[in-house]
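Good morning, everyone, and thank you for letting me take the floor. Please have the sequence and the structure open beside you, and we will walk through them together.

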2 protein chains.
Amino acid sequence: MNFKEKLTRIVKKNNSLLCVGLDIDKEKIPGHLFKMSTTPYVEFNEMIIDATANFVCAYKLNMAFYEVFGKQGFEILEKTISYIPKDIIVILDGKRNDIGNTAKMYAKSLFEGLNADAVTVNPYLGKDSVLPFLEYRNKCSFILCRTSNPSAVDFQNLAVSNNPLYEIVARKIKEWDNFGNCGAVVGATYPDELKVIRGILGEEIPILIPGVGAQGGDVEKTVKAGTNKDGEMAIINSSRGIIYASKDEAFSEKAKIQAESIRDEINKYR
Amino acid sequence: MNFKEKLTRIVKKNNSLLCVGLDIDKEKIPGHLFKMSTTPYVEFNEMIIDATANFVCAYKLNMAFYEVFGKQGFEILEKTISYIPKDIIVILDGKRNDIGNTAKMYAKSLFEGLNADAVTVNPYLGKDSVLPFLEYRNKCSFILCRTSNPSAVDFQNLAVSNNPLYEIVARKIKEWDNFGNCGAVVGATYPDELKVIRGILGEEIPILIPGVGAQGGDVEKTVKAGTNKDGEMAIINSSRGIIYASKDEAFSEKAKIQAESIRDEINKYR
């Protein structure tokens, strides 16, 4: 089964475009877990997954939050990935890239070693750096197009022949989509840009949209601008707003309520 | 001691601008090491370091080649870093970046967890994604400016108000260098661009220059275009051409000969 088939099935099954970001953070996870368990981060992720698995289409693991724990972080990452139900999409968000020879190693680590369904890729090095990821035809590579942070404007909005750079990147993504396995990352904090990018990408290319929730992206605008005509092919990520909804012992119950509520809010506008 | 002081000392001590890239590769390291040792990659790196340490100013470890070995790769990375003599610069080449909150985690992993002297950073997300790296004032962040691969032209050469994007990035690097801890990555395969970028960066900003050797960059042009007026502030990397000079039992001796020879060739043009 390829990525889009897997995505389409789980979107239908859970009636959800929601992706939950599992960004573990020592300062934010409930304190009682450290007393209860020798593997509090794994415990935390597993409880969040148990609570939210019926309301999501995907989980996204940002590699930075795992790498910061060194070797131990790698174990937490592996254990968490293996715990995610097999019909839910796993996105490894590492925003990696390098020249072709080296990009191949990153693609291998993420798709083969860690068994990701999808990854995020930085486009700055151009086509030959992206191709090794696209050789994994049943997977999906979400290429950074317009990121959600304020300084995204520094380079991504520079005018190239009167068009902002992110539009040029979006056109390249469309051009590189020969095997139907390209995606784009576009921040929810820029709904107008999201709409333009959806227009360039057409109906078939999925967009991973972070920035809803703690970062302030508006759900209605995001859904209307980011989905295709069928209200699909958008994966809308929220991390902190769901997993850190509460720090007390009922944190996973609160995460469940949040996940269901954001899923339903998204569906209202599809 | 800050990065530039450390760099200046080792450049003087070893009379070298050469950086050796320790990119471990199962297909390329000498076969007898797998029979001889249970930790062949660590063994390989240690022997290369022993052989070349008098001829280099820096070692660069490209993270992709370690990540591909999973958890074990992390151990090899740690052991290799700890084996590098303390007066030689350690560059962790991960080309990482993410939005500010997350970039902070990458900076912490690399500078604190792994104790790098310098890292490589991708600029696509703009200033707020670079600042968490620059908060480490005694370290150096080499920001990708003009990469060495053919597809570098896809985005980096796009004209923004008649100037290619890499020039805009170079100007931003100059602007962000408030603490004297910015560097730039510019491929040796583009000596004309390297010259323009050195002009924009001025005399004080170090340039990390990969692409000499296996990738085909010309040493004379690289040195003339990349160094400052004192023939310094360039770190010229060669990986495969040195460490895989031979696959037989005398591989480290061959690597030594190659390193000394490239160092001397670089010095001829400083």
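By what turn, and with what shift along the axis, can chain A be laid on chain B? Before I answer, please keep in mind that we are looking at a predicted model. The turn is 180 degrees and the shift along the axis is 0.0 Å, and the superposition then has an RMSD of 0.0 Å. The two copies are therefore related as by a two-fold rotation axis. If you would like to find that axis on your screen, look for A:Val160, whose C-alpha lies at 2.6 Å from it and comes closest among the residues of chain A.

Let us stay with the place where the chains meet. There, 44 residues of chain A are in contact with 44 residues of chain B. On the side of chain A that touches chain B, several elements give two or more residues, among them helix H5 (70-83), helix H7 (127-134), strand E6 (159-160) and helix H9 (165-176) of chain A. The element that gives the most to this side is H6(A), with 7 residues. If we sort this side of chain A by class, we find 20 nonpolar, 14 polar and 10 charged residues. Do the copies use the same surface or different ones, you may ask, and which line of reasoning settles that? Because 100% of the interface residues of chain A are also interface residues in chain B, the copies meet through the same surface.Now let us turn to the fold of each chain. In chain A, 8 strands close into a barrel in the order E1-E2-E3-E4-E5-E8-E9-E10, and the pairing is parallel. Neighbouring strands of this sheet are turned by 30 degrees against each other on average, if we ignore direction. As a reminder for those new to the topic, strands of a sheet pair through backbone hydrogen bonds, and they may do so in a parallel or an antiparallel way. To take one pair in chain A, strand E1 (residues 18-21) and strand E2 (residues 58-62) run parallel over 3 bridges, and A:Cys19 stands opposite A:Ala58.

Chain B likewise has a closed barrel of 8 strands, running E1-E2-E3-E4-E5-E8-E9-E10 with parallel pairing, and its twist averages 30 degrees from one strand to the next. Within this barrel, strand E4 (residues 118-121) and strand E5 (residues 140-146) of chain B run parallel and are joined by 4 bridges, with B:Thr120 opposite B:Phe142. Helix H10 (residues 191-201) of chain B packs on the sheet and touches E5, strand E8 (182-186) and strand E9 (207-209) of that chain, while its direction makes about 170 degrees with that of E8(B).

Let me spend a moment on strand E1 of chain B. It pairs in the parallel sense over 3 bridges with strand E10 (residues 234-238) of chain B, where B:Ile236 is the bridge partner of B:Leu18. E1(B) also pairs with strand E2 (residues 58-62) of chain B, again in the parallel sense over 3 bridges, and here B:Cys19 stands opposite B:Ala58. Are the two faces of this strand buried or exposed? Both faces are covered, since B:Leu18 and B:Val20 on one side, and B:Cys19 and B:Gly21 on the other, are all buried. In a regular strand the side chains alternate between the two faces of the sheet.

From burial we come to the core. The largest nonpolar core has 189 residues, and those with the most contacts inside it are A:Ala184 and B:Ala184. If you leave out residues up to four places away in sequence, B:Ala184 touches a set of residues that includes B:Phe142, B:Cys145, B:Ile173, B:Leu201 and B:Ile207. In soluble globular proteins, nonpolar side chains tend to be buried together.

Helices contribute buried residues as well, and helix H11 (residues 219-226) of chain A is one to look at, with A:Thr222, A:Val223, A:Ala225 and A:Gly226 buried. These buried residues pack against helix H10 (191-201), strand E9 (207-209), strand E10 (234-238) and helix H13 (251-268) of chain A.

I will finish with two residues whose backbone deserves a second look. A:Lys95 has a phi near 45 degrees, which is a positive value in a residue other than glycine, and A:Lys95 lies in strand E3 (residues 89-96) of chain A. B:Ser161 also has a positive phi, of about 45 degrees, although B:Ser161 is not a glycine, and this residue is found in the loop between strand E6 (159-160) and strand E7 (163-164) of chain B. Which of the words buried and exposed fits A:Lys95? With 28 other C-beta atoms within 10 Å, A:Lys95 is buried, where the cut-off for that word is 20 or more. B:Ser161, by contrast, has 9 other C-beta atoms within 10 Å and is exposed, the cut-off there being 12 or fewer.

Conventions
Residues are numbered from 1 along each chain as its sequence is written. Chains are lettered from A and ligands numbered from 1 in the order in which they are written. This is a predicted model: local features need pLDDT of at least 70, side-chain atom pairs count only at pLDDT 80 or more; totals for chains, interfaces and linings use all residues. Two strands pair if DSSP finds at least two bridges between them. Axes are lines fitted to C-alpha atoms, for helices over the stretch in contact, and angles run from 0 to 180 degrees between N-to-C directions. Copies are superposed by least squares on the C-alpha atoms of residues with pLDDT of at least 70 in both. Two residues are in contact if their C-beta atoms, placed from the backbone, lie within 7 Å. A nonpolar core is a set of buried Ala, Val, Leu, Ile, Met, Phe, Trp, Tyr and Cys residues joined through C-beta atoms within 7 Å. Ala, Val, Leu, Ile, Met, Phe, Trp, Tyr, Cys and Pro count as nonpolar, Asp, Glu, Lys and Arg as charged, and the others, Gly among them, as polar.
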